[in-house]
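Q: Could you take me through one part of this structure slowly, as if we were looking at it together? I'm a first-year student, so please go step by step and then show me what else is there.

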Amino acid sequence: MKVASLVFLSLISLPALAQQPNIAGKWTITLDTFGTPTTWPLTVEQQGDHITGNYAGDKLEGTLKDGKLTFHAKDPGGDGYEDVTATISGDTITGTMIWAQNMTVNHPTTHTFKAVRNVSSSASSAPPRTHEFTPTVFQRQYSSAYKPVLTINPGDTLHTWTVDAGGNDPSGTPRSLGGNPQTGPFYVNGAMPGDTLVVHIRKLRLNRDWAMSTNGIVPRANTPALAAKSQNKVDTVRWHLDLANNIATPEKPGPHMQHYSVPVRPMLGCVAVAPGDASGPGIRTGDSGGFGGNMDFNEVNEGATVLLPVRVPGALLFFGDGHAVQGDGETTGDALETSLDVTVQVEVLKGKRIPGVFVDTDTHIMAVGLDGSIDQAFADATETMSAYLEQEYKLTPQEFAMVLGTAAEYKISEAADRNAGVVLKMAKSKLATLTKPATP
């Protein structure tokens, strides 16, 4: 959406005798658009009391005098306008906007907004901190409408915990409705649209001795013959988690599984940022997309790093849906669902827009493909990795095809939900033989 506008902005900042604020630089405005947050870029250049710049693609010009900022911006092809009155407090502007769109110019509407100054990830001189956070509320949508539960800086470490997919805490007490309730969102200072949020998973620890799953097979992995054999009987299965030996066993095994056990490998089914304007009021936490979400990829575990494209100011980090262990594809429709103690560290790559969701480990860089079918997710992962190698190594399509044909490792990560997941893994040892362009 592009606001075709004539903008008249009156920002009352400080008393007339106070020092005039310096508002030069880049800002991001978040506008409450009929209950849905939308974001718009604002760039201001300031020379004395003369103001120029750009608002949402429109050139602007105005004045800053006696603590009052007035500027006008006009789209040559439009008749719409906005009148904004706001206050400045440090690196934050808040106020109201009277907005008249071109097609409904005679019916203006009033909206509140907040603008924050875009700052570099190194702007804060505060040393990295470790935050101990105890959640009290859990979100069942990915949305920028939620108030952040905590604000952290790039470089900070966060230690907290999650409920399981059914909303039960480490003691087994229900704390939320089910559907993958999330811990968060966490506001990351300096993260702006166009940046990349880097989430290092430092520790994942089981915090109770049981987990739940089922014993059916999801439709994508099923056939009519296999379904007939099972007679569509799907039951809940409770598992014992041996915390001392890191082993999971069914509490009531059938006659052929009396000695069955599997090593646990805790993972996060969900890691996400707020989806942004196009998602409307929010996306349910059982879903996934270019913002991350319910990816159910069993390599999102301790030691992995998840990279997500930032879509709203502060990124708004969510995570949850802890699994004690999960096979590829989550073919029973769930994993060994449990709560987890989680320690993550965040960073922000300023001005670096990645072409999709990635997972980074010591040995591989992985593009996560998410789409309506496994075929589409396969193609999505391929396209995302192609864009990454073009961006990082300047590979031509033909060169990428040669790398793909000799080094690609594909893995079905998700078969249970609306979106299927396919991950394209590239070994760093093989990418190291490519000639990477020199950094200017």
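A: Let's begin with a term we need: two strands count as paired if DSSP finds at least two bridges between them. Keep in mind as well that this is a predicted model.

Our close look is at strand β2. Strand β2 covers residues 25–33, and nine bridges join it to strand β3, residues 36–47. The two strands run antiparallel. To find your place in this pairing, look for Thr30, which stands opposite Thr39 in β3. Strands β2 and β3 form a hairpin with two residues between the strands. In that hairpin, Phe34 has a positive phi, near 55 degrees. Why is that worth a pause? Most residues other than glycine have a negative phi.

Strand β2 also pairs with strand β9, residues 109–117. Here, too, the pairing is antiparallel, and it runs over five bridges. A handy landmark is Leu31, which stands opposite Phe113 in β9. What holds such neighbours together? Strands of a sheet pair through backbone hydrogen bonds, either parallel or antiparallel.

Now let's see what surrounds this part. The protein chain has four helices and 30 strands. Among its contacts between residues at least 6 apart in sequence, 71% join residues at least 24 apart. For overall shape, the C-alpha trace spans about 85 × 55 × 45 Å along its principal axes. A compact globule of 440 residues would have a radius of gyration near 22 Å, and the 25 Å of the protein chain agrees with that. Of those 440 residues, 50% count as buried.

Another group of strands is easy to trace. Four strands make an open sheet in the order β16-β17-β18-β19, with antiparallel pairing. Its edge strands are β16 (210–214) and β19 (262–263), and each of them pairs on one side only. Strand β18, residues 247–250, is joined to β19 by two bridges, and Ile247 stands opposite Pro263 in β19.

Trp210 lies in the edge strand β16. Is Trp210 buried or exposed? Its relative accessible area is 13%, so it is buried. Leaving aside residues up to four places away in sequence, Trp210 touches several others, including Asp164, Arg238, Trp239 and Thr338. Sequence distance and spatial distance can be set side by side here: Trp210 and Leu336 are 126 residues apart in sequence and 8.7 Å apart in space, C-alpha to C-alpha.

For contrast with the strands, turn to helix α2, residues 374–393. This helix has 20 residues and reaches 28 Å from its first C-alpha to its last, close to the 28 Å expected at 1.5 Å a residue. Its buried residues are Ala377, Ala381, Thr382, Thr384, Met385, Tyr388, Leu389, Glu392 and Tyr393. They cover an arc of only 165 degrees around the axis, so they sit on the same side of α2. The spacing makes sense once you know that an α-helix has 3.6 residues a turn, so residues three or four places apart point the same way. On the other side of α2, Asp375 and Glu383 are exposed. The buried residues of α2 pack against a group of elements that includes β28 (364–371), α3 (397–407) and β30 (420–427).

Right after α2 comes Lys394, in the loop between α2 and α3. Lys394 is not a glycine, yet its phi is positive, about 60 degrees. With 56% relative accessibility, Lys394 counts as exposed. Asp296 also has a positive phi, near 50 degrees, in a residue other than glycine. You can find Asp296 in the loop between β23 (292–294) and β24 (305–309). At 1% relative accessibility, however, Asp296 counts as buried.

One last backbone detail is in strand β14, residues 182–188, where Pro185 lies. The peptide bond from Gly184 to Pro185 is cis, with omega near 5 degrees. Most peptide bonds are trans.

If you'd like to retrace the tour, go back to β2 and find its two partners: β3, joined by nine bridges, and β9, paired over five.

Note on methods
Residues are numbered from 1 along each chain as its sequence is written. This is a predicted model: local features need pLDDT of at least 70, side-chain atom pairs count only at pLDDT 80 or more; totals for chains, interfaces and linings use all residues. Side-chain values use heavy atoms; hydrogens and water are left out. The expected span of a helix is 1.5 Å times one less than its number of residues. Buried means under 20% relative accessible area, exposed over 50%, partly exposed in between (1.4 Å probe, protein chains only). The arc is that of the directions from the helix axis to the C-beta atoms. Contact means heavy atoms within 4.5 Å. The radius of gyration is taken over C-alpha atoms; the globule rule is 2.2 Å times the number of residues to the power 0.38.
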